[in-house]
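Me: I should like to study how the parts of this protein model are arranged. Please show it, and we shall proceed by question and answer.

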Amino acid sequence: MRIVSGIQPTGNLHLGNYLGAIRNWVKMQDDVAAQGGDSLYFLADLHAISMPHDPATLSANTREMVAALVACGVDPDRSILFNQTQVPQHAELQWLLNGTARMGWLNRMTQWKDKAGKNREGASVALFTYPVLQAADVLLYQATHVPVGEDQKQHLELARDIAQKFNNDFASEEAPIFTLPEPIIPPEAARIMSLRDGSSKMSKSDPSDMARINLTDDADTIMQKVKKAKTDPEPLPSDKHGLEGRAEARNLVGIYAVMAGTTVEAVLSDFGGEGFGKFKPALGELLVEKLAPINARFVELRGDRDALDAILRKGSEKARALAVPTLEKAYQALGLVR
């Protein structure tokens, strides 16, 4: 079993990032290692340049993301952690696959339509061909499984279509060039909402820092944010149906349940009938307990640029060793003289 998954290097990581994606990576790393498989996790810095960006910020965010992933439990000795840029085979394979991918396939991509909007003529070519690079990201390593959320299912289907067509056109059924990866639908990721508006996702782009719990927040800041989180005047209900129409209450109870590794029903059996004056301090203490070790490690790592660069170099060397054989086969299959 070989899992490949990527994440864009964005800064200002928060509780939603941790519970929504990073925690799943840590669990998969442990599960796959127990089966003797490989987990490859990469920072999608090549994807990041498909949209307008600031170069200095991209460099800083790439290293910060490494610090966050390691602090949250991704182990560079048990997983292969790297950034795309240090494995040039990603970009090379994308070009080779561009000959197989079809304009019609890419035109149907929902994310292309959403991100380009009405200004398709003004969008970058990289944004249009982004899914071909995503296909290269996983096909390069003969990935057997790729974790996907709802928004990425279409891109994995495209990767399979590209792999199938390439195999049909340039290889034999007995000796295909590419493995067709299967999707892994992770357990429903916790959907963490803003502390100021229970109908909006927790986001780094929210102008109010009080709307999110950042991985860099210290204990006092976390307690302050939880105590000031928006709620309603009613006490907590005794069952989850009582949370309907109470977005902020549902969000806070949901966060408690996920962080405690329990269910919403169990949380409400403990706190049903209580007001937020009792529940919020309990939630704050739980968050501090769970996030303090992550915060300490993150802050320590973030300041050690040499250590972060060493992690990326080590991971990239391992990734290149796995990538080269597949790329060589693809060149040979296409009749390109090396």
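Reply: Helix 1 and helix 10 are oblique to each other, an angle being oblique when it is not under 35 degrees (roughly parallel), over 145 (roughly antiparallel) or 65 to 115 (roughly perpendicular). The model is predicted: local features need pLDDT of at least 70, side-chain atom pairs count only at pLDDT 80 or more, and totals for chains, interfaces and linings use all residues. Residues are numbered from 1 along each chain as its sequence is written, and side-chain values use heavy atoms, without hydrogens and water.

Me: At roughly what angle do the axes of helix 1 and helix 10 cross?

Reply: Axes are lines fitted to C-alpha atoms, for helices over the stretch in contact, and angles run from 0 to 180 degrees between N-to-C directions. The axes of helix 1 (residues 15-34) and helix 10 come within 12 Å. Their crossing angle is roughly 45 degrees.

Me: Which residues of helix 10 meet helix 1?

Reply: Contact means heavy atoms within 4.5 Å. From helix 1, Leu-15, Leu-19 and Arg-23 take part. Their partners in helix 10 are Ile-255, Val-258 and Met-259.

Me: How far apart are the axes of helix 10 and helix 12?

Reply: Helix 10 (residues 247-260) and helix 12 (residues 276-302) pack at an angle of about 40 degrees. The two are therefore oblique to each other. Their axes are 10 Å apart.

Me: Is Asn-214 buried or exposed?

Reply: Asn-214 lies in the loop between strand 5 (182-184) and helix 9 (219-227). Its relative accessibility is 4%. Because buried means under 20% relative accessible area, with exposed over 50% and partly exposed in between (1.4 Å probe, protein chains only), Asn-214 counts as buried.

Note on methods
Helices (H or I, at least four residues) and strands (E, at least two) are DSSP runs, numbered from the N terminus.
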